[in-house]
Amino acid sequence: MRLLIIADTHVPKRARDLPDRVWAEVARADVVVHAGDWVDVALLDELESRSRRLIAVYGNNDGPELRERLPEVARAELNGLRLAVVHETGPAKGREARCAREYPDADVLVFGHSHIPWDTEAPSGLRLLNPGSPTDRRRQPAHTYLTARIDAGRLRDVRLHALPPR
């Protein structure tokens, strides 16, 4: 199972649309995961129509229309892997231990908010992933997104992709 993991798209405030490379990844993915901060419901509609399966949450910049359609926390089992998705996890300091306590039933936690790519593992074995942002890099060197595979309950081939400057 092929995953595309994105967050903090901020369309149309930070970009008019997702980059073409991200849309190409949507077409290839079995599951698209979006960890919030959409800003406009039009992107949600488009991702829902173009994704085989979408697992998504709202973020702090998302208004009532998005909050009506999306949960604060999403959970799914994908080929035996227990996935949780949330927008915010709090400060970087202590994140792994805090998230392991808050998501004891997850194997992987996808989050956003910081726009900073993150890939760590808590002592409990919980894998924490933040894809950065494909449209708003803030102080990062590049716009980014993640791809991964799930095989027999295991997350494999996690890869951070940097997008060329716009």
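This briefing describes the fold, the cores and selected residues of one protein chain. The structure is a predicted model. The chain contains four helices and 10 strands, and 51% of its 166 residues count as buried. Its radius of gyration is 14 Å, which agrees with the value near 15 Å that a compact globule of 166 residues would have.

**Overall fold and dimensions**

- Read from the N terminus, the elements follow the order β-α-β-α-β-α-β-β-α-β-β-β-β-β.
- Along the principal axes, the C-alpha atoms occupy a box of roughly 40 × 35 × 30 Å.
- Among contacts in the chain with a separation of 6 or more, 54% are made by residues 24 or more positions apart.

**Surface and charge**

- The exposed area of the chain is about 8,000 Å², and carbon and sulfur atoms supply 45% of that area.
- The chain carries 26 positive and 25 negative charges, and the mean positions of the two sets lie 5 Å apart.

**Nonpolar cores**

- The largest nonpolar core has 21 residues, of which Leu3, Ile55, Leu78, Leu83, Val85, Val110 and Leu155 touch the most other members.
- At least two residues of this core come from each of strands E1 (2–6), E2 (31–34), E4 (73–78), E5 (81–86), E6 (108–110) and E9 (144–151).
- Apart from neighbours within four places in sequence, Leu78 is in contact with Met1, Leu3, Val31, Arg53, Ile55, Leu83 and Ile150.
- A second core, separate from the largest one, comprises 20 residues, including Val26, Trp38, Tyr58 and Leu163.

**Helix H4 and its cover**

- Helix H4 spans residues 95–102, and its residues Arg95, Glu96, Arg98, Cys99 and Ala100 are buried.
- The cover over these buried H4 residues includes strand E6, strand E7 (118–121) and strand E8 (127–130).

**Valine 41 in helix H2**

- Val41 is located in helix H2, which covers residues 41–50.
- Val41 counts as buried because its relative accessibility is 13%, and the cut-off for burial is under 20%.
- Outside its neighbours within four places in sequence, Val41 is in contact with Glu65, Leu66 and Arg69.
- Val41 and Arg159 are separated by 118 residues in sequence and by 28 Å in space, taken from C-alpha to C-alpha.

Definitions and conventions: Residues numbered from 1 in each chain as written. Predicted model: local features only at pLDDT ≥ 70, side-chain atom pairs only at ≥ 80, totals over all residues. Heavy atoms only, no water. Rg over C-alpha atoms; globule rule 2.2 N^0.38 Å. Buried < 20%, exposed > 50% of the residue type's maximum accessible area, 1.4 Å probe, protein only. Contact = heavy atoms within 4.5 Å. Areas by Shrake-Rupley, 256 points an atom, 1.4 Å probe, with all protein chains shown as cover. Lys, Arg positive; Asp, Glu negative; His and termini not counted. Charge placed at Lys NZ, Arg CZ, Asp CG, Glu CD. Core = buried A, V, L, I, M, F, W, Y, C linked by side-chain atoms within 4.5 Å.
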